[in-house]
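Here is a walk through one protein chain, written for someone who would rather look at a structure than at a table. Keep the viewer open and follow along.

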Amino acid sequence: MVPWRWRPKSISKAPTQIRSETTASQSMADGAQHQFQRNEVDKTHPERQSALLLHAIRQPYEVAIDHAVPEIQNDTELLVKVTAAGLNPIDWKSPDFNFGVPVFPFISGRELSGVVVKAPKAPNARVREGDVVTIPSTDYRDLRKAAFQEYSIASSFNTIRLPHNVSAESGSILGVAFVSAVLALGICMGVSFENVEDGPDLLKMVRNIDPERLPADIRKECLENISKVDHAKAGDYLVIWGGSSTSAHLTKQIARLMGLKIVSVVDNAKHGIRLSSNAATRPDLLVDSHDPERAIDIIKRATKDSARFGFDTVGKETAAYLLRSLSSSTSPISSLPKYVQNYERKDSKLPTPPSTPLEFAEGAPRSHLVGLTGLPKTDIPEDVTLHNVPIKLYHEIPEVGEALSAWCERLLVKGLLVPPDVVGTVDGLGAINEGLDRMRKREISGGRLVAVLH
């Protein structure tokens with residue numbers, strides 16, 4: 001039995017830091033370095049390392065103790081000594097269900113924290129040797145960038161420095177959820193972040209670059225799927241189905257910063273007290289998911305059928321429920337329960353009046369549903385647009401990656417972004433299999449497990 005440790009809340013204690021000396025001739029960026037953690041760095045690092053390898057589908061990961069340390073391939077890349085790796089559902093679902101595994105042996109792990117031991121050579125790089133950083137490794141096809149190894153490669157524009165108030169363990173479960181949340185809000189819903197800590201207007205950014213630079217499979221999402229009249233603005237409702245997830249944790253915080261009203265659909269018996277008592281995650285309306293039909297009715301009545309934006313973090317079935325919760329000319333507020341015949345008087349002789357024809361008004365704002373893990377395929381109203389989060393933008397387009405990473409740093413420094421809870425840790429690469437087994441059994445709730453590497 002591999003030991004694991006339960007943690008009641010996010011870990012805020014930072015590791016030992018050092019501060020670099022500054023001179024009058026250094027830039028403002030040099031001064032900003034004092035806001036972030038820095039560690040002493042060993043100038044030498046080995047050529048071989050331990051890594052956790054997947055050799056076949058539906059098999060446990062195996063520790064290899066003589067795996068090559070990945071090499072830097074261009075001037076924007078850096079080498080990180082991994083100190084903590086966040087465990088994500090995708091890390092067990094990929095081998096179990098045979099998706100997202102492009103090659104064998106495969107190294108998994110989508111986010112990590114560590115210390116930069118070899119800095120990028122690009123001039124004026126934001127990240128420097130000795131910085132304590134977190135890295136959302138969204139480019140899963142590049143095994144050099146995977147988290148389940150002692151050393152990992154990252155692009156400087158996909159690297160987020162950690163301030164003193166965020167530990168490496170907490171930081172290691174922050175990045176992927178942050179990137180997903182910002183792209184869902186900024187690209188799929190048209191939210192501009194310019195008014196909060198000089199954040200980016202992502203739609204303006206991607207629509208001003210050469211379309212040929214955008215990966216073909218996300219080009220339509222980035223360029224065509226939402227018009228200016230549809231953009232989410234302060235006061236609009238955002239309904240999140242699966243509001244207890246790590247992605248929801250970040251989405252709620254960022255959406256609230258932008259003035260959106262949050263409706264969170266969760267298992268109230270399991271998560272209600274925790275979410276309603278936490279200022280960082282408390283929604284404007286908390287709806288129990290136990291009875292989906294009742295949840296849909298509550299959402300439509302509470303918002304006066306005006307909720308136009310939905311974000312599902314669970315799957316295709318719940319995304320279909322969420323679709324019915326959004327404002328649409330083809331789904332008015334129900335005045336009676338679903339099985340209306342059960343509530344009619346048996347002796348009623350009154351004729352049933354004809355229903356009012358429903359028409360979709362051209363030019364009227366559309367509703368928008370973002371599915372993180374799946375979307376419905378049928379019964380899509382003509383005035384609702386479905387969206388997939390274009391996660392590739394973060395690692396394929398450097399200016400997008402840099403904008404998101406730098407903005408995340410500013411939010412963390414100001415305390416405007418609270419990482420998810422670390423609910424337990426496992427020791428080393430060899431304990432990751434047991435941690436993933438606990439996730440398979442649904443034993444982990446309210447946060448994430450973290451593997452601590454020594």
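The notes below go from the whole chain to its sheets, then to its helices and two single residues.

## The chain as a whole

First things first: this is a predicted model. The protein chain has 13 helices and 17 strands. Of its 454 residues, 54% count as buried.

How much of the contact map joins residues far apart in sequence? Take the contacts between residues at least 6 apart in sequence: 73% of them join residues at least 24 apart.

## The parallel sheet

Let's look at the open sheet. Six strands, in the order β12-β11-β10-β13-β14-β15, make it up, and their pairing is parallel. The edge positions go to β12 (285–288) and β15 (384–388); each has a single partner strand, so one side of each has no neighbour in the sheet. Going from one strand to the next, the twist averages 20°.

At the β12 end, strand β11 (residues 261–266) runs parallel to β12 and is joined to it by 4 bridges. If you want a spot to zoom in on, V265 stands opposite V287 in β12. Helix α8 (residues 268–276) packs on the sheet here, touching β11 and β12, and its direction makes about 170° with that of β12.

Helix α4 also belongs in this picture. It lies across β10 (237–241), β13 (309–312), β14 (367–371) and β15, and runs at about 155° to β14.

## β4, β8 and V82

Now for a pairing of the other sort. Strands of a sheet pair through backbone hydrogen bonds, either parallel or antiparallel. Strand β4 (residues 77–86) and β8 pair in the antiparallel sense, over 5 bridges. One pair to find is K81 and its bridge partner in β8, Y151.

How many residues of strand β8 (residues 151–155) are buried? The count is 5 of 5, so to speak a mostly covered strand. In a regular strand the side chains alternate between the two faces of the sheet. In β8, Y151, I153 and S155 point one way while S152 and A154 point the other way, and all are buried.

V82 sits in strand β4. Is V82 buried or exposed? Its relative accessibility is 3%, so V82 counts as buried. Leaving out neighbours within four places in sequence, V82 is in contact with residues that include Y151 and S152, along with L112, A147 and L453. V82 and A168 are 86 residues apart in sequence, and their C-alpha atoms are 9.7 Å apart in space.

## α4 and the helices it meets

Back to α4, this time with its helix partners. Two packed helices are described by the angle between their axes and the distance between the axes. For α4 and α7, the axes come within 8 Å and cross at roughly 50°. That angle makes α4 oblique to α7. The crossing is right-handed. On the α4 side the contact is made by A177, F178, A181, V182 and L185, and on the α7 side by T246, S247, L250, T251, I254 and A255.

With α12 the numbers are an angle of about 110° and axes 11 Å apart. The two helices are therefore roughly perpendicular to each other. Here F178, V179, V182 and L183 in α4 meet L404, W407, C408 and L411 in α12.

## α12 and L411

Does the length of α12 come out long, short or as expected? At 1.5 Å a residue, the 16 residues of α12 (residues 398–413) should span 22 Å, and the end C-alpha atoms are 23 Å apart, which agrees. The helix is followed by G415, whose phi is positive, near 75°.

The buried residues of α12 include V400, L404, W407, C408 and L411. What covers the buried residues of α12? The cover includes β9 (160–161), α4 (175–188), α5 (202–206), α7 (246–257) and α11 (392–396).

L411 is a good residue to finish on. It lies in helix α12, and at 0% relative accessibility it counts as buried. Not counting residues up to four places away in sequence, L411 touches F178, V196, E197, L257, L416 and L417. One of these, E197, is 214 residues from L411 in sequence, yet the two are 7.0 Å apart, C-alpha to C-alpha.

How values were computed:
Residues are numbered from 1 along each chain as its sequence is written. This is a predicted model: local features need pLDDT of at least 70, side-chain atom pairs count only at pLDDT 80 or more; totals for chains, interfaces and linings use all residues. Side-chain values use heavy atoms; hydrogens and water are left out. The expected span of a helix is 1.5 Å times one less than its number of residues. Buried means under 20% relative accessible area, exposed over 50%, partly exposed in between (1.4 Å probe, protein chains only). Contact means heavy atoms within 4.5 Å. Two strands pair if DSSP finds at least two bridges between them. Axes are lines fitted to C-alpha atoms, for helices over the stretch in contact, and angles run from 0 to 180 degrees between N-to-C directions. Angles under 35 degrees count as roughly parallel, over 145 as roughly antiparallel, 65 to 115 as roughly perpendicular and the rest as oblique. A crossing is left-handed if the near helix is turned anticlockwise from the far one by less than a right angle, and right-handed if clockwise.
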